[in-house]
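Me: Could you take me through one part of this model in detail, the strands and their pairing, and then show me what packs around them? I'd like the residues named wherever you can.

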Amino acid sequence: MNQDELRNRLFEILHRIAPEADLNRITPDESIREVLDIDSFDFLQVVLGIHKAFGVEIPESDYRSIATLRGMMEYLGNR
Amino acid sequence: MTPFRMPSLGADMESGKLTRWKIKPGDRVKRGDIVAEVETEKADIDVEIFTSGIVHELLVQPDQKVPVGTVLATILEEGETAPPPQGSARQRVSPFAKKLAIERGIDLSTIRGTGPDGAVTREDVERAVAPEAAVTPAPVPVASTAPIAGIRHAIASAMARSNREIPHYYLETRIDMHRALEWLKDQNLKRPVQERLLPAVLLIRAVVLALKDVPELNGYWKNDRLEMKSAVNVGFAIALRQGGLITPAILNTEQYDLTQLMAALIDLIARAREGHLRSSEIAEGTITITSLGDLGVETVYGVIYPPQVALVGFGRIQESAWVAEGALAVRPVLTATLAGDHRATDGRRGAQFLSALSGYLREPEKL
């Protein structure tokens, strides 16, 4: 999967959580939770969405690594 | 024949718009079935029925807005038969009078018509006063002249009523969450991602257990007395993405273990945001929890949702200096508050509740 496909699949997951947001305006190093106003329940849904879409189970200790779009793409790109 | 009425989905609700029927005459319904969708100022709600039987007649059409208490449909209970057509004895009502009666929630059978052949006229209906219509809406404090969206208006009404009627008292305590969070981390390591627990679930479960110790905080203040409830229906304040807050309840929370509670909470949040809450979840909360820790708030001083008598507030869990066993340590500390209705309980019982709550969170294996 190339970077564009990875980004698109992440956007699909984030769109389900924050349908009103313009995801193309998120910069790579912004906090996803802050910019999309995502609470801990929504964030768990993001983790679940990633698990379903990519088959990757992210432990809680790695949540900091996926706090930004760049972090998510690097984390998933390495798996 | 049993009337199915527009339910009151909270102290602040005066009317609702029927948006869709999910039943038709002749359908069999049972208690708990979702039979209609109703749009209120706060949200779209799936309305349940609390009678079992056969649908006889639908009296209100979709897109009609009617006051709380208006008969929406009639249900024939088991063994009942439909009343025969009344022929010439049937009450005569002008179409406009009928429409007006529905709009105002007035039972036409209680009106004596003064028109030709005893027909009920518009004037007859206007003279009749529906109980719900007679209630003067609460004045709403408005901080600006901008139009208020429906949900804001509903919250304003309920909170204004609360501050007007409920003599609040506030208590707060700080809780060392070290053991609870360690225990949670251990639990989540063993669980698949779809069953992971969030700290909020521990907080809800601890509230439920503490209410067993101090049950006076779980109930309603009605008719100048406290009605304690045996079921613990925890209302959980949920922020909606379009703005505003709604506090649906997880019904019979005391029957759930942590895994079931987590699943119920995720389901409730998803349905709240999609507009698919059930009427009982809106109307039957017996206590409310507001957790604003995600937003960085340290301490929550909540406003009780009438007719409930208590609200528990949780701030964020933050690392703080903490003295444990005679030594200074850094611990994750949570501030929990109780807003209590002083008509129903006093500070002593409130303090006992917070003490019990703190105890359960310090011994998470008991949750």
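Reply: Happy to: here is a walk through the strands, followed by some loops and the helices.

First, a word on the model. It is predicted, so local features are given only where pLDDT is at least 70 and side-chain atom pairs count only at pLDDT 80 or more, while totals for chains, interfaces and linings use all residues. Residues are numbered from 1 along each chain as its sequence is written, and chains are lettered from A and ligands numbered from 1 in the order in which they are written.

Let's begin with an open sheet in chain B whose four strands come in the order 1-8-6-3, with antiparallel pairing. Strands here are DSSP runs of E with at least two residues, helices are runs of H or I with at least four, and both are numbered from the N terminus. Two strands pair if DSSP finds at least two bridges between them. The edges of this sheet are strand 1 and strand 3 (28-29) of chain B, each of which pairs on one side only.

Strand 8 (residues 71-76) of chain B is a good place to look closely. Strand 1 (residues 2-5) of chain B runs antiparallel to strand 8 and is joined to it by four bridges. Within that pairing, Thr2(B) faces Ile75(B), and Phe4(B) has Ala73(B) as its bridge partner. Strand 6 (residues 53-58) of chain B also pairs with strand 8 in the antiparallel sense, again over four bridges. Here Glu57(B) is matched with Thr74(B) of strand 8. In a regular strand the side chains alternate between the two faces of the sheet.

Chain B also has an open sheet of five strands in the order 7-2-4-5-16, and its pairing is mixed. Strand 7 and strand 16 (277-278) of chain B are its edges, each pairing on one side only. Inside it, strand 4 (residues 34-39) and strand 5 (residues 44-48) of chain B run antiparallel, joined by five bridges. Ile34(B) stands opposite Glu48(B) of strand 5.

Now for the loops. Asp63(B) sits in the loop between strand 6 and strand 7 of chain B, and its phi is positive, near 80°, although it is not a glycine. This residue is exposed, with 10 other C-beta atoms within 10 Å; the cut-offs are 12 or fewer for exposed and 20 or more for buried, with partly exposed in between and C-beta atoms placed from the backbone. Asn223(B), in the loop between strand 10 (219-222) and strand 11 (225-228) of chain B, also has a positive phi without being a glycine, at about 50°. Asn223(B) counts as exposed, with 7 C-beta neighbours inside 10 Å. The loop between strand 17 (287-291) and strand 18 (310-314) of chain B holds Pro307(B), and the peptide bond leading from Pro306(B) to Pro307(B) is cis, with omega near 10°.

Strand 7 comes up again with helix 1 (residues 95-104) of chain B, where Ala97(B), Leu100(B), Ala101(B) and Ile102(B) are buried. These buried residues pack against strand 7 (65-67) and helix 2 (122-127) of chain B.

Further along chain B, helix 6 (residues 199-213) packs with helix 9 (residues 347-362) at an angle of about 130°, their axes 8 Å apart. Axes are lines fitted to C-alpha atoms, for helices over the stretch in contact, and angles run from 0 to 180 degrees between N-to-C directions. That angle makes helix 6 of chain B oblique to helix 9 of chain B, since under 35 degrees counts as roughly parallel, over 145 as roughly antiparallel, 65 to 115 as roughly perpendicular and the rest as oblique. Helix 6 of chain B contributes residues including Leu202(B), Ala206(B) and Leu209(B), and helix 9 of chain B contributes residues including Phe353(B), Ala356(B) and Leu357(B); contact requires C-beta atoms, placed from the backbone, within 7 Å. The residues of this contact divide into ten nonpolar, one polar and one charged. Nonpolar takes in Ala, Val, Leu, Ile, Met, Phe, Trp, Tyr, Cys and Pro, charged takes in Asp, Glu, Lys and Arg, and the others, Gly among them, are polar.

Last, the two chains meet in a contact of ten residues from chain B and eleven residues from chain A. On the chain B side, helix 5 (178-190) and helix 7 (258-274) each supply at least two residues. That side divides into four nonpolar, two polar and four charged residues.
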